Amino acid sequence: MPSTLIDSAIFQGIFSSDAMRQVWSDENRTQKYLAVDAALVRVQARLALVPQEAADDIVSDCRRD
């Protein structure tokens, strides 16, 4: 059962386009969170706050798949 009109199979096309639904999708939002985490750990490694090897491991895991 949809929780909002945007989630509704009947009404979703009225309030949004396919492109905007992709922008606000759970998958896209999660990937953006992971991209921020990867960027943060890269900077932390550059500043020697995190070992480079650990940062590389974290960055390699920052994928939704």
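This briefing covers the fold, salt bridges, surface patches and selected contacts of one protein. The model is predicted. The protein has 65 residues, and 17% of them are buried. Its secondary structure comes to 4 helices and 0 strands. The accessible surface is about 5,300 Å², with 60% of that area on carbon and sulfur atoms.

**Fold**

- From the N terminus on, the order of elements is α-α-α-α.
- Helix α1 covers residues 12-15 and includes F15.
- Helix α2 spans 18-23 and helix α3 spans 26-46, with S25 in the loop between them.
- Helix α4 takes in residues 52-61, E53 among them.
- A48 sits in the loop between α3 and α4.
- S60 belongs to helix α4.
- The C-alpha atoms of S60 and A38 are 8.4 Å apart in space, while the two residues are 22 apart in sequence.
- S60 is partly exposed, because its relative accessible area of 34% falls between the 20% and 50% limits.

**Salt bridges**

- Side chains of opposite charge can pair when their charged atoms come close.
- The count here is 3 salt bridges.
- D18 pairs with R21, and their closest N and O atoms are 2.4 Å apart.
- Both D18 and R21 are in helix α2, with a spacing of 3 residues, or about one turn of the helix.
- D18 has a relative accessibility of 62%, so it counts as exposed.
- R29 pairs with D26, with 2.6 Å between the closest N and O atoms.
- Helix α3 holds both R29 and D26, and they too are 3 residues apart, about one turn of the helix.
- R29 is partly exposed, at a relative accessible area of 31%.
- D65 pairs with R63, and here the closest N and O atoms lie 3.1 Å apart.
- In this pair D65 is exposed, with a relative accessible area of 77%, whereas R63 is partly exposed at 48%.

**Surface patches**

- A negative patch on the surface consists of E53, D56, D57 and D61.
- E53 is exposed, because its relative accessible area is 62% and the exposed class starts over 50%.
- That value also clears the patch criterion, because a patch residue needs over 30% relative accessible area and E53 has 62%.
- A nonpolar patch is made of I10, F11, I14 and F15.
- Together these four residues have about 460 Å² of accessible area.
- F15 is partly exposed, with a relative accessible area of 48%.
- F15 therefore passes the patch criterion of over 30%, given its 48%.

**Polar contacts to backbone oxygens**

- The side chain of S25 has a polar atom 2.9 Å from the backbone oxygen of Q22.
- S25 is buried, because its relative accessible area of 11% is under the 20% limit.
- The S25 contact therefore involves a residue in the loop between α2 and α3 that falls in the buried class.
- N28 lies in helix α3.
- The N28 side chain reaches the backbone oxygen of V23 at 2.8 Å.
- N28 is buried too, because its relative accessible area is 18% and the buried class is under 20%.

**Backbone geometry at A48**

- Phi of A48 is near 65 degrees.
- This is a positive value in a residue other than glycine.
- A48 is in the loop between α3 and α4.
- A48 counts as exposed, because its relative accessibility is 66% and exposed means over 50%.

How values were computed: Residues numbered from 1 in each chain as written. Predicted model: local features only at pLDDT ≥ 70, side-chain atom pairs only at ≥ 80, totals over all residues. Heavy atoms only, no water. Patch = residues over 30% accessible without salt bridge, like charges linked within 9 Å, V, L, I, M, F, W, Y side chains within 5 Å. Areas by Shrake-Rupley, 256 points an atom, 1.4 Å probe, with all protein chains shown as cover. Salt bridge = Lys/Arg side-chain N within 4 Å of Asp/Glu carboxyl O. Lys, Arg positive; Asp, Glu negative; His and termini not counted. Charge placed at Lys NZ, Arg CZ, Asp CG, Glu CD. Helix = DSSP H or I, 4+ residues; strand = E, 2+ residues; numbered from the N terminus. Buried < 20%, exposed > 50% of the residue type's maximum accessible area, 1.4 Å probe, protein only. Polar contact = N/O pair within 3.5 Å; in protein donor to acceptor, adjacent residues only side chain to side chain.
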